[in-house]
Amino acid sequence: MNQARETLRQFIERESHYLWGRRYLLSVKYRDGKPSVELDHKRIALSVRPGSDQIKRAAVLHEWHKKLLHAAVPPLIAKWEKKLGVTVTGYFLQRMKTKWGGCNHRVAHIRLNTELVKKPKDLLEYVIVHEMTHLHEPTHSDRFIAILDQHYPSWHEARAELNDLPLAAETWKG
Ligand SMILES: [Zn+2]
């Protein structure tokens, strides 16, 4: 699954950041103590040590994104292991410049792009279903499409939405 690169963010006060498909404003507080991120209905409140530069601020937010994904992904994998009758032996969260996900069907590993935390959750689910379907069928063959049609008939819409979103201008191939 392919995506275009995100526009560069500076991780500064009042900058827009997306989470699960919703737009939030970033607030940045500098204070001593362990860096933290909190979410309310409007804001992502980032707290970092005084002097933390853009790279550090980005890293704190990225760790938070991974934490959110590690909470969201395993229940979805478990749900689809039952539905699809496959077993995932491991999943990996990665920054990927051009793909939403990947699958190593020989060892039953799937990879997920950490940028998915910024998309609506049903798109994360779609990418998981897509990659897990590769455990039945490594290529995008008619058989692959037939399995998706049977288990996730709205895949056309999900794929179109991933391709339409600003961060995903390229044609999906994943
Ligand atoms: Zn694929």
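**A walk through a predicted structure**

Helix α1, residues 54–84, and helix α2, residues 121–133, have axes that come within 10 Å of each other and cross at roughly 45°. This crossing angle makes α1 oblique to α2, because angles that are not roughly parallel, antiparallel or perpendicular count as oblique. The crossing of the two helices is also right-handed. Keep in mind as you look around that this is a predicted model.

Which residues of α1 and α2 make the contact? On the α1 side, look for A72, V73, L76, I77, W80 and L84. Facing them from α2 are K121, L124, E125, I128, V129, M132 and T133. If you sort the residues of this contact by type, you find ten nonpolar, one polar and two charged.

Now let us turn to the nonpolar cores. The largest nonpolar core has 21 residues. Inside this core, L116, L123, V127 and M132 have the most contacts. You have already met M132, which is one of the α2 residues in the contact with α1. Three elements, β7 (109–113), α2 and α4 (155–164), each supply at least two residues of the core. Which element gives the most to this core? The answer is α2, with seven residues. Apart from the largest core lies another one, of seven residues, and L26, L46, V48 and L61 are among them.

Next, pick out a single residue, I55, in helix α1. Is I55 buried or exposed? I55 counts as exposed because there are 8 C-beta neighbours inside 10 Å, and a residue is exposed if that number is 12 or fewer. You can also follow the chain from I55 to V73, a residue we saw in the helix contact. I55 and V73 are 18 residues apart in sequence, and their C-alpha atoms are 26 Å apart in space.

Our last stop is P35, in the loop between β2 (22–30) and β3 (36–39). P35 has 17 C-beta neighbours inside 10 Å, so this residue counts as partly exposed; the cut-offs are 20 or more for buried and 12 or fewer for exposed. Which residues does P35 contact, leaving aside its neighbours within four places in sequence? They are S47, V48, R49 and V60. One of these, V48, also belongs to the seven-residue core described above. By contrast, take P35 and E157: they are 122 residues apart in sequence and 38 Å apart in space, going from C-alpha to C-alpha.

How values were computed:
Residues numbered from 1 in each chain as written. Predicted model: local features only at pLDDT ≥ 70, side-chain atom pairs only at ≥ 80, totals over all residues. Axes fitted to C-alpha atoms, helices over the stretch in contact; angles between N-to-C directions. Helix = DSSP H or I, 4+ residues; strand = E, 2+ residues; numbered from the N terminus. Parallel < 35°, antiparallel > 145°, perpendicular 65-115°, else oblique. Left-handed = near helix turned anticlockwise from the far one by under 90°. Contact = placed C-beta atoms within 7 Å. Nonpolar A, V, L, I, M, F, W, Y, C, P; charged D, E, K, R; others polar. Core = buried A, V, L, I, M, F, W, Y, C linked by C-beta atoms within 7 Å.
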